[in-house]
Amino acid sequence: EFPCYNCLKQEEGVWDHAQERYIGGEYGGVVLKTSTAAAEHLLTVMYPRVQVQLRRSVARRFDMECELYQWSQGSKLACGPLEAIIEHHDDQIEVIVRGPKDAKKACFFFLEEILGMIDQVLLEMSPGLPMDKYIVSSIDIKAQKSAMQWSPRDTMAALHSGGWEQVMANTAQPDRRETLTDLLCFGSSEVQSMLVKGPDLHVSSMSTVTRQSLCQLLDAPHPMGNDWCMLAVQMGLIDKVPKLDVGAGSYSQTARLLDEWANDTASTIGELVTALRSLGREDA
């Protein structure tokens, strides 16, 4: 199979919403987006590699019956009662998963496995490409409507302020209430108990791409002085500023600051977000 030469169109009925086993079932999904100008061309080149990874995954499975149907810029993966559609559209990759009722935990790990394969391809082919994961409304997917999406910024802010039971606003359908447990864990309290909220993670868990973007923003002089130096003050590291400023221009002061702050086990991503907000750096 050579995905780059696959010019097939998606057949009708590939994702049949009328299948009895999925009526009242579990749905969820993620859309991977990037704002990089060349992203559309990069993802067009990368997506056939994702399809190769999916094929390899199916070939390695011996524990359950799996089927993979692929067309140009799209794939359907079925493993037992679970199904997923993975499609490339311009500057984004959409992953939608579904399963029978009460298959919440299985759907969560199925989605995570697919996202892990996509992450591996992105890491191998373009490790510096910033890719954001938008969570998709499961209610909208079930209703076959244009699905509401929430950015990583929205999700992190909601986790930071309200925790797992924070209800996410749906501007298109204000009467529909979905919590972060519903969106991130398919509504499973068991899955939720296994996870650590993003704001509670240690700052060293921050991805390299996110760290580089933050350093780029805070290293540059700010009109109000709200740069890495003021962040150091917010973190209680004012006495370290002279040390951190040595060799300015050859190394990121923000990176040094984060390294110094990471020595404290209580330094979490949530605390960093709070410090940045107190500086008025919502852009970070």
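## Briefing: helix packing, an open sheet and a buried arginine

Helix H11, which spans residues 269-278, has five residues to start from: Ile269, Gly270, Leu272, Ala275 and Leu276 are buried. The model you have open is a predicted one, and its secondary structure comes to 11 helices and nine strands. Below is a friendly tour of the helices, the sheet, one buried arginine and two glutamines with positive phi.

**The protein overall**

- Taken along the principal axes, the C-alpha atoms fill a box of roughly 65 × 45 × 35 Å.
- The protein has 284 residues, and 44% of them are buried.
- If you look at contacts with a separation of 6 or more, 63% of them join residues 24 or more positions apart.

**Helices H11 and H7**

- The buried residues of H11 pack against four helices, namely H4, H7 (208-219), H8 (228-234) and H10 (253-261).
- Just after H11 comes Gly280, whose phi is positive at about 80 degrees.
- H7 is built from 12 residues, and the distance from its first C-alpha to its last is 16 Å, close to the 16 Å expected at 1.5 Å a residue.
- Leu214, Cys215 and Leu218 are buried in H7. Viewed down the helix axis, the buried residues of H7 fall within an arc of 100 degrees, so they line one face of the helix.
- A general point helps here: an α-helix has 3.6 residues a turn, so residues three or four places apart point the same way.
- The partners of the buried residues of H7 are H8, H10 and H11.

**The seven-stranded sheet**

- Seven strands make an open sheet with antiparallel pairing, and their order is E2-E3-E4-E5-E1-E6-E7. Strand E2 (66-71) and strand E7 (149-150) are the edge strands; each has a single partner strand, so one side of each has no neighbour in the sheet.
- As background, strands of a sheet pair through backbone hydrogen bonds, either parallel or antiparallel.
- E1 is joined to E6 by four bridges, and the two pair in the antiparallel sense. Within this part of the sheet, Val31 stands opposite Tyr134 in E6.
- Strand E6 (residues 132-136) is joined to E7 by two bridges, again with antiparallel strands. One of the bridges puts Ile135 opposite Trp150 in E7, and Val136 has Gln149 of E7 as its partner.

**Helices lying across the sheet**

- Helix H2 (residues 104-125) lies across five strands: E1 (26-33), E3 (74-79), E4 (82-89), E5 (92-99) and E6. Relative to E5, H2 runs at about 155 degrees.
- Helix H4 (residues 152-162) lies across E6 and E7, and its angle to E6 is about 70 degrees. H4 is also one of the helices that the buried residues of H11 pack against.

**Arg98, an arginine worth a closer look**

- Arg98 is a residue of strand E5. Buried or exposed: which is Arg98? Its relative accessible area is 0%, so it counts as buried.
- The side chain of Arg98 has a polar contact with the side chain of Glu83, at 2.8 Å.
- A polar atom of the Arg98 side chain also lies 3.1 Å from the backbone oxygen of Asp16.
- Which residues surround Arg98, leaving aside its neighbours within four places in sequence? Its contacts are Trp15, Asp16, His17, Gln19, Tyr22, Glu26, Tyr27, Pro81, Leu82, Glu83 and Cys107.

**Two glutamines with positive phi**

- Gln73 sits in the loop between E2 and E3. Although Gln73 is not a glycine, its phi is positive, at about 65 degrees. With a relative accessibility of 25%, Gln73 is classed as partly exposed.
- Gln144 belongs to the loop between helix H3 (138-142) and E7. Its phi is near 60 degrees, a positive value in a residue other than glycine. Gln144 has a relative accessible area of 56% and so is exposed, the cut-off being over 50%.

Key. Residues are numbered from 1 along each chain as its sequence is written. Side-chain values use heavy atoms; hydrogens and water are left out. Two strands pair if DSSP finds at least two bridges between them. Contact means heavy atoms within 4.5 Å. Axes are lines fitted to C-alpha atoms, for helices over the stretch in contact, and angles run from 0 to 180 degrees between N-to-C directions. Buried means under 20% relative accessible area, exposed over 50%, partly exposed in between (1.4 Å probe, protein chains only). A polar contact is a pair of N or O atoms within 3.5 Å; within protein, one must be able to donate a hydrogen and the other to accept it, and residues adjacent in sequence count only if both atoms are side-chain atoms. The expected span of a helix is 1.5 Å times one less than its number of residues. The arc is that of the directions from the helix axis to the C-beta atoms.
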